[in-house]
Amino acid sequence: LTLHDNAFRLRLRPARRIGATAVLALNPPLDYYVIHNRVRTVARGGSRILVEWPSASRELYLWGTIQRGGGARAEWLAVRDPAHYAAWVLTRELRRHGIVVHGGVKVKHLWMHDVKDFKWADPPPPSSGVVLAGRVSPPLFEILKVMLKESQNLYAELVLREVGRSRRHIGSRAAGLAELQAFLTEAGIAARGYNLEDASGLSRRDLVCPAAVVKLLSCMYLSTERDGWLDLLPVGGEDGMLDHRFRGTATGRVLAKTGTMTHVSALSGYARRRTGHLLAFSILVNNYDEKARPARKFIDRVVREILQQ
């Protein structure tokens, strides 16, 4: 279960009086967590805020100082137990609308020792309950568009597990990865060209060669889903993670997905050449010691050279 993208934001601004506690605001404004705010407003010395969050606790401690006149400070934090959080919010909303809820919030997680095979399961039995309300998800393409244009890593992980649940009746990472490997094999991509541990690409054990990426890009371009697929990718100089890149004569001519981690910069997609034809490309830069900006400038320079052809 996922609610509010499994995240919440702490926002602190200086109090009017020196020495007073900083003013705290939460987004979303829920009292799920108990927050002990011990950040003091100071006249000078800058702002320094520390967050202490004991494991398995819903109590957070904020320490430090915030300088008056220095503006507000914000910190995004991840929800520790997404299922419990979603159930708690549901219970709260039911009660707020006058619906009686007995008992507290309980969640049950599916652990590896609870199933025989984490890559495959029998179809679930039909539900014996009565549906009181339902919500239809947006089309998959709309979800994928947010995932790719905004680099929403959480959506990538959730979609991978949904693939496992839909095809193998178990929403596990292992089931999703098995389906992903089957798809890549069908696309003609040899297993030696990649090693995938997750869907977001954040694992340091994720490995892929540019040739495998270009093979995938070619396969998708030749598929019946081409138009929808191209619509998912960020457009250079226009939207998503490329809205500030490839502006000017290159605007609208690059459809590509970024990939950025510490010491890693990548860009893969399509470049529309002067002839009007799309060229699939994949540029992966790893293990550099400098900041990301020089690597990104190198990638952009290579892509602009492609566009001139």
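**Exercise 1. Work out how the three-strand open sheet is put together.**

Let's start with the order: three strands make an open sheet that runs β2-β1-β6, with antiparallel pairing. Keep in mind that you're looking at a predicted model.

Next, find the edges. Those are β2 (23-27) and β6 (73-78), each of which pairs on one side only. On average, and ignoring direction, neighbouring strands in this sheet are turned by 20° against each other.

Now zoom in on one pair. Strand β1 (residues 7-13) joins β2 in the antiparallel sense, over five bridges. For a spot to click on, try Leu 10, which stands opposite Leu 26 in β2.

**Exercise 2. Find the cavities and say what lines each one.**

How many cavities of 30 Å³ or more does a search of the whole structure find? It turns up two.

Take the largest cavity to begin with. It holds about 60 Å³ of space. Around it sit Phe 8, Leu 26, Pro 28, Leu 30, Tyr 32, Tyr 33 and Tyr 85. You've met Leu 26 already, as the residue opposite Leu 10. Sort that lining by class and you get seven nonpolar residues, with no polar and no charged ones.

Then go to the second largest cavity, with a volume of about 40 Å³. Its lining is made of Arg 245, Gly 259, Thr 260, Ser 265, Ala 266, Arg 296 and Ile 299. At least two of the lining residues come from each of β9 (254-261), β10 (264-272) and α7 (292-307). By class, this lining splits into two nonpolar, three polar and two charged residues.

**Exercise 3. Decide how helices α2 and α3 lie against each other.**

First, get the geometry: helix α2 (residues 140-149) packs on helix α3 (residues 153-168) at an angle of about 140°, and their axes are 8 Å apart.

Second, put a word to the angle. Roughly antiparallel would need an angle over 145 degrees, so α2 and α3 count as oblique to each other.

Third, check the handedness: the crossing of α2 past α3 is left-handed.

**Exercise 4. Describe the second largest pocket.**

Size comes first: the volume is about 160 Å³.

Which element gives the most to the lining of this pocket? That's α4, with six residues. Both α4 (173-186) and β7 (194-195) supply at least two.

Among the lining residues are Lys 119, Leu 177, Gln 181, Tyr 194 and Asn 195. To finish, tally the classes: eight nonpolar, two polar and one charged.

Terms used
Residues numbered from 1 in each chain as written. Predicted model: local features only at pLDDT ≥ 70, side-chain atom pairs only at ≥ 80, totals over all residues. Heavy atoms only, no water. 1 Å grid on protein atoms, 1.4 Å probe; cavity = no way out; pocket = protein on both sides within 12 Å on 5 of 7 lines; lining within 4 Å. Points joined across faces, edges and corners; volume = space filled by probe spheres on them. Helix = DSSP H or I, 4+ residues; strand = E, 2+ residues; numbered from the N terminus. Nonpolar A, V, L, I, M, F, W, Y, C, P; charged D, E, K, R; others polar. Pairing = 2+ DSSP bridges. Axes fitted to C-alpha atoms, helices over the stretch in contact; angles between N-to-C directions. Parallel < 35°, antiparallel > 145°, perpendicular 65-115°, else oblique. Left-handed = near helix turned anticlockwise from the far one by under 90°.
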